[in-house]
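I have a fresh model open on the screen and my notebook beside it. Here is what I looked up, in the order I got curious.

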Amino acid sequence: MGIRLTVFTTSIITGVIFFFLFAGISFASYKQAYDDYHNEYSAYRQAYQDFIVASSTYNTYKTLLTQNTAMEKMRVVLIKRDLVVSAYFQAVIEKMRETEGFSADSLNTFSGIVAAETAYLNDHQREINSAANIEDLNKVSGDFDDKYKTIEEEMKKAIGSILLAKIDLQAAKVDDLSARVNDTLTGLQNNGHDVLSWQRGLITARGKIDLYQTKRDAAQEVFSPQNSYYSNQEISLMSGQKFLAEGQQYLHEAGNFLLEIMNSLING
Amino acid sequence: MEIADGGEIIRPDRKVELNASLVLILIITSVFVFALGIGMAFLIFSHQNQPAIPSPAANISPTLTPVARKPGILSGDAGALKLQGDLKTWLGEVDNLDLLEPQIAPPAIDLKINIQ
């Protein structure tokens, strides 16, 4: 008996330690990735300011020395810009890992996209380093500009998928709560209670959940366009977030109706 | 009014005559104003000397008649209380849901970086 209790207690303590350890690692991973991204971004901003000064000096004096300085500063800022994008992608991956309810399939898909973009950015950095003159540098800089439209859309899709995962989790919870309220009312009805007014409240709550679903679908269409209207234009994060905020409001209202039903059943 | 030969204006002497009815009106008005003043002074002083009377509304606390409230049909039911608590918790989660996530907004980087 004593040995069994000791084994049981040890198992519990080990489980708790592992839970906090992994939870801590998960949180630390995103925080670390975000800090790295933030540091890269600060370095990029400084490099950009240095480049602006060097470029302006070159345009004023047009000497070989100022030209070389401007080229070196441009090389630095272009590489820093690539590093910002790579660090940002890593932070987003960690954010996805940290987000409760984010699907493993979506994470794998995005990881594949990031691997491809990272390969492109590595090649791009080699091209920046091997650019021999101003024309070459301007060309590799322009290549990134063309590519960045695609990269930015992928970033927005990734953010959209994180936000959708967050609200989907809450919607699943309210579906469960609504089913439990329904079970409660059914039980009362089976015992001969008149539950008509509460059932009306439940229907209203479910109507709100349906309205949430329309807003959620609209947001998904903005983040991952399927029809031609959205696919022919840039993803607008703000539009998607607006739909989600409206959906969030409907979820809140549905929850309030359910709570009112329970308050009435308990408090009279 | 006449003008003398030398161009000097000659004003005729006029006496101010008070009409009897005008005098009467003045006397009546004065008496009225005086009486009004006395009346107001009386009112003011009589209020100051009176002890303060507490307002009935301030002192008398109304006795509430207890409303007979019927407890709910699931009053005290553990399952119902659990569901009520879960709903409250969930509402808190929904209200605190951050759907902006400004930290993971795409980075504001510059395009068209080149040397002219």
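At what angle do helix 2 of chain A and helix 3 of chain A pack, and how far apart are their axes? I noted first that this is a predicted model. The two helices pack at an angle of about 170°, and their axes lie 10 Å apart. Angles over 145 degrees count as roughly antiparallel, so helix 2 of chain A is roughly antiparallel to helix 3 of chain A. I then sorted their contact by residue class and got 13 nonpolar, 6 polar and 4 charged residues.

**Helix 3 of chain A.** I checked its length next. Helix 3 covers residues 104–130, and at 1.5 Å a residue its 27 residues should span 39 Å. The C-alpha atoms at its ends are 39 Å apart, so the expectation and the model agree. Which residues of this helix are buried? I listed Leu107(A), Phe110(A), Val114(A), Glu117(A), Leu121(A), His124(A), Gln125(A) and Ile128(A). I also looked for what covers them, and the cover includes helix 2 (64–98) and helix 4 (134–190) of chain A.

**Salt bridges.** My search of the whole structure found 20 salt bridges over all chains. I picked out three pairs to look at.

My first pick was Glu101(B) with Lys95(A), whose side chains meet at 3.3 Å, N to O. This pair crosses between chains: Glu101(B) sits in the segment after helix 3 (78–95) of chain B, and Lys95(A) sits in helix 2 of chain A. Are these two residues buried or exposed? Both Glu101(B) and Lys95(A) are buried.

My next pick was Glu153(A) with Lys156(A), where the closest N and O atoms are 4.0 Å apart. The two residues are 3 apart in helix 4 of chain A, so about one helical turn separates them. Lys156(A) has 10% relative accessibility, so I put it down as buried.

Last came Arg216(A) with Asp168(A), with 2.7 Å between the closest N and O atoms. Arg216(A) lies in helix 5 (residues 196–223) of chain A and Asp168(A) in helix 4 of chain A, so this pair ties together parts 48 residues apart in sequence. Arg216(A) counts as buried because its relative accessibility is 10%, whereas Asp168(A) is partly exposed, with a relative accessible area of 27%.

Which residues do shared salt-bridge partners join into one network? I wrote down Lys95(A), Glu98(A), Lys166(A) and Glu101(B). My cross-chain pair, Glu101(B) and Lys95(A), therefore turns up again in this network.

Definitions and conventions:
Residues are numbered from 1 along each chain as its sequence is written. Chains are lettered from A and ligands numbered from 1 in the order in which they are written. This is a predicted model: local features need pLDDT of at least 70, side-chain atom pairs count only at pLDDT 80 or more; totals for chains, interfaces and linings use all residues. Side-chain values use heavy atoms; hydrogens and water are left out. Helices (H or I, at least four residues) and strands (E, at least two) are DSSP runs, numbered from the N terminus. The expected span of a helix is 1.5 Å times one less than its number of residues. Buried means under 20% relative accessible area, exposed over 50%, partly exposed in between (1.4 Å probe, protein chains only). Contact means heavy atoms within 4.5 Å. Axes are lines fitted to C-alpha atoms, for helices over the stretch in contact, and angles run from 0 to 180 degrees between N-to-C directions. Angles under 35 degrees count as roughly parallel, over 145 as roughly antiparallel, 65 to 115 as roughly perpendicular and the rest as oblique. Ala, Val, Leu, Ile, Met, Phe, Trp, Tyr, Cys and Pro count as nonpolar, Asp, Glu, Lys and Arg as charged, and the others, Gly among them, as polar.
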